[in-house]
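I opened the entry to look up how the strands are ordered and how the helices pack. The notes follow in the order in which I checked them.

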Amino acid sequence: MEGVSVRKIKKICVFCGANSGKDVAFVNAAFHLGEVLGKRKIDLVYGGGKLGLMGCVSTAVAQHERQVLGIIPSAFTVNNLVGETCGKEIKVATMQERLVMMMELSDAFIALPGGFGTLEELFQMISWAQLSIYNKPIGVLNINGFFNGLLSFVDHAVKQEFITPRARKILISATTADELVDKLQAFRFESDPALSKLKWSPSSSQKEKLDLTLRL
């Protein structure tokens, strides 16, 4: 990455399935991602527990002696529903509180294959980045083309002018863990001039007026 300014990433939040999926490649990729994070001395933030791909990536990071932090809603800890978190654990009251804490404690975000919960987390982070609530990089690890359909849909939304080309750049993709982390480190956030004027501080009494032609 000669000639490219690299951002310092100390903690990456990983969103992924609590199931292992049909293809063993998903499990192998989750373990490999954890190994890559460990070797690069990057700590993990995730949703807690040890189920599915979540358990694979957290176990691999811990095996490389990096810190693992699971942020988990208290409801999931009843009757040991999701298993024991591999590392430290923070219990929160709601799903939204969990996501906000993930955003605050992480330097970047990666989505592995998963279901509705994974997609919700991924698109919530993209939406917050678009609104200039934060400027941290977001990427998907496209294992065996798992995210091909999603990426095609996003590109279709750009063509139909519901997503701007600038906003499209927020979502990074790669087929290997090393390539994806490299892209996250090289990412430079390009905010929308109008949206960047929004004041998200709780003390702000009013927001800047937005151009109604903005496509959120």
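**Confidence**

I started with the weak part: over residues 203-216 the pLDDT stays under 50, and the model has 22 contacts for this stretch beyond four places in sequence. I keep in mind that this is a predicted model. For the chain I noted a mean pLDDT of 88, with 90% of the residues at 70 or more.

**Sheet**

I next looked up the strand order. Seven strands make an open sheet, and I read the order as S4-S3-S2-S1-S5-S6-S7, with parallel pairing. The edges are held by strand S4 (88-92) and strand S7 (171-174); each has a single partner strand, so one side of each has no neighbour in the sheet. From one strand to the next I get an average twist of 25°.

I then picked one pair to look at. Strand S5 (residues 108-111) pairs with strand S6 (residues 138-141) in the parallel sense, and I find three bridges between them. Within this pair, Ile110 is placed opposite Gly139 of S6.

Which strands does helix H3 touch? I find helix H3 (residues 95-105) packed on the sheet, in touch with strand S1 (11-15), strand S2 (43-46), strand S3 (68-73), S4 and S5. The direction of H3 makes about 155° with that of S3.

**H3 and H4**

I stayed with H3 and looked up its packing with helix H4 (residues 116-130): the axes come within 11 Å and cross at roughly 60°. H3 is therefore oblique to H4. I noted the crossing of H3 and H4 as right-handed. On the H3 side I listed Gln96, Arg98, Leu99, Val100 and Met103, which meet Glu121, Gln124, Met125 and Trp128 in H4. Sorted by class, the contact of H3 with H4 holds five nonpolar, two polar and two charged residues.

**H1 and H2**

How are H1 and H2 oriented to each other, roughly parallel or roughly antiparallel? The axes of H1 and helix H2 (residues 52-63) cross at roughly 30° and come within 7 Å. The cut-off for roughly parallel is under 35 degrees, so I entered H1 and H2 as roughly parallel to each other. This crossing of H1 and H2 is also noted as right-handed.

From H1, the contact uses Phe26, Val27, Ala30, Phe31, Leu33, Gly34, Glu35 and Leu37. From H2, I listed Leu53, Cys56, Val57, Thr59, Ala60 and Val61. By class I have eleven nonpolar, two polar and one charged residues in the contact of H1 with H2.

**H1 and H7**

Last, I looked up the packing of helix H1 (residues 24-39) with helix H7 (residues 177-186): the angle is about 50°, and the axes are 9 Å apart. H1 is therefore oblique to H7. I noted a right-handed crossing for H1 and H7. His32, Leu33, Val36 and Leu37 of H1 meet Ala177, Asp178 and Val181 of H7. The residues of the contact of H1 with H7 are five nonpolar, one polar and one charged. Leu33 and Leu37 are on my list for H7, and I also have Leu33 and Leu37 in the contact with H2.

How values were computed
Residues are numbered from 1 along each chain as its sequence is written. This is a predicted model: local features need pLDDT of at least 70, side-chain atom pairs count only at pLDDT 80 or more; totals for chains, interfaces and linings use all residues. Side-chain values use heavy atoms; hydrogens and water are left out. Two strands pair if DSSP finds at least two bridges between them. Helices (H or I, at least four residues) and strands (E, at least two) are DSSP runs, numbered from the N terminus. Axes are lines fitted to C-alpha atoms, for helices over the stretch in contact, and angles run from 0 to 180 degrees between N-to-C directions. Contact means heavy atoms within 4.5 Å. Angles under 35 degrees count as roughly parallel, over 145 as roughly antiparallel, 65 to 115 as roughly perpendicular and the rest as oblique. A crossing is left-handed if the near helix is turned anticlockwise from the far one by less than a right angle, and right-handed if clockwise. Ala, Val, Leu, Ile, Met, Phe, Trp, Tyr, Cys and Pro count as nonpolar, Asp, Glu, Lys and Arg as charged, and the others, Gly among them, as polar. pLDDT is the predictor's confidence in each residue, from 0 to 100.
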